[in-house]
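Hi everyone, thanks for coming. I'd like to walk you through one structure today, so have a look at the screen and we'll go through it together.

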Amino acid sequence: MRQIYEKCHEYNIDLHSIFIDFSQAFDTVNRDVIYNSLTKYNVPGKLIKLITLTIQRTKMKVKENNSYSEWFETKTGVRQGDPLSALLFSVVLDSVITNLEIRRNITTRLKQICAYADDIVVTGRTKQILIGTFYKLKHEALKAGLIVTTKPNIYIVPEKPFSLPT
């Protein structure tokens with residue numbers, strides 16, 4: 001991201017950004033979308049079947065003050081702590097972003113999406129492009145069960161703020 005901002009500053013390109021956070025991202029992802037995304041990326045059927053077996057019919061109970069709730073079945077999300085969860089989530093998120101058909105980078109296009117794990121930044125050269133791209137991403141993400149957080153976050157400003165070279 002820093003290089004993107006530096007290059008846009010260097011070439012006097014306007015840049016607007018939205019930082020996106022998904023509410024309970026790993027818990028809400030639609031499992032059918034996981035299977036479809038794996039198929040889309042040509043993962044062998046046998047592996048998809050094995051993955052399906054590990055995440056379907058999962059049961060949990062909640063511990064609160066040394067007492068446990070009754071068992072309940074979860075029908076969405078990936079298993080927390082499972083090494084495969086991050087990969088499955090990344091495949092779904094990549095599928096969502098790919099559906100937006102944004103290719104190349106901000107120097108040759110009017111918009112760009114950068115993602116790492118469940119952190120996403122949408123950048124655009126104009127506010128209108130940025131807002132349009134954000135709503136398309138929000139719509140595609142909702143299809144996958146991902147909900148964009150609407151609560152404002154509190155950010156801690158570092159002692160040495162990022163400054164662009166002059």
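**Salt bridges, helices and a few odd residues**

Let's start with charges: a search of the whole structure turns up three salt bridges. Keep in mind that this is a predicted model.

Start in helix H1, which covers residues 2-10. Here Arg-2 and Glu-6 meet through their side chains in a salt bridge, 2.8 Å from N to O. Why can these two get together? Arg-2 and Glu-6 are four residues apart in H1, so about one helical turn separates them. The general idea is that an α-helix has 3.6 residues a turn, so residues three or four places apart point the same way. As for cover, Glu-6 is partly exposed, at 26% relative accessible area.

H1 also holds the pair Glu-10 and Lys-7, three residues apart, again about one turn of the helix. Their salt bridge has its closest N and O atoms 3.4 Å apart. Lys-7 is partly exposed too, with a relative accessible area of 40%.

For the next pair, jump along to helix H6, residues 127-143. Glu-140 and Lys-143 sit three residues apart there, about one turn, and their side chains form a salt bridge of 3.2 Å, N to O. Now, is Glu-140 buried or exposed? Buried, because its relative accessible area is 15% and the cut-off for buried is under 20%.

Okay, on to helix H5, residues 83-99. Here's a check you can do yourself. With 17 residues at 1.5 Å a residue, H5 should span 24 Å, and its end C-alpha atoms are 26 Å apart, which agrees. Plenty of H5 is tucked away: the buried residues include Leu-88, Phe-89, Val-92 and Ile-97. Just after H5 comes Glu-101, with a positive phi near 55°.

That brings me to two more positive phi values. Gln-24 isn't a glycine, yet its phi is near 45°. You'll find Gln-24 in the loop between strand S1 and helix H2, and it counts as exposed, at 56% relative accessibility. Arg-57 isn't a glycine either, and its phi is about 55°. Arg-57 sits in the loop between H4 and S2, and it is exposed as well, with a relative accessible area of 64%.

Step into strand S2, residues 58-60, and you meet Thr-58. Thr-58 is buried, at 10% relative accessible area. What does its side chain do? The side chains of Thr-58 and Arg-31 are joined by a polar contact of 3.1 Å. Leaving out residues up to four places away in sequence, Thr-58 also touches Phe-72, Glu-73, Thr-74 and Arg-79.

Here's another threonine to find: Thr-28, in helix H2. Thr-28 and Gly-77 are 49 residues apart along the chain, but their C-alpha atoms are separated by 4.7 Å. Setting aside neighbours within four places in sequence, the contacts of Thr-28 include Thr-76, Gly-77 and Ala-144.

Last stop, the surface. Which residues make up a nonpolar patch there? They're Leu-47, Leu-50 and Leu-53, with about 270 Å² of accessible area together. Leu-47 belongs to helix H4, residues 45-55. Leu-47 is partly exposed, with a relative accessible area of 42%, so it clears the patch cut-off of over 30%.

That's my tour, so ask away!

Conventions
Residues are numbered from 1 along each chain as its sequence is written. This is a predicted model: local features need pLDDT of at least 70, side-chain atom pairs count only at pLDDT 80 or more; totals for chains, interfaces and linings use all residues. Side-chain values use heavy atoms; hydrogens and water are left out. Patches are made of residues with over 30% relative accessible area and no salt bridge: like charges are joined within 9 Å, nonpolar side chains (Val, Leu, Ile, Met, Phe, Trp, Tyr) within 5 Å. Accessible areas come from the Shrake-Rupley method with a 1.4 Å probe; for residues, only the protein chains shown count as cover. A salt bridge is a side-chain nitrogen of Lys or Arg within 4 Å of a carboxyl oxygen of Asp or Glu. Helices (H or I, at least four residues) and strands (E, at least two) are DSSP runs, numbered from the N terminus. Buried means under 20% relative accessible area, exposed over 50%, partly exposed in between (1.4 Å probe, protein chains only). The expected span of a helix is 1.5 Å times one less than its number of residues. A polar contact is a pair of N or O atoms within 3.5 Å; within protein, one must be able to donate a hydrogen and the other to accept it, and residues adjacent in sequence count only if both atoms are side-chain atoms. Contact means heavy atoms within 4.5 Å.
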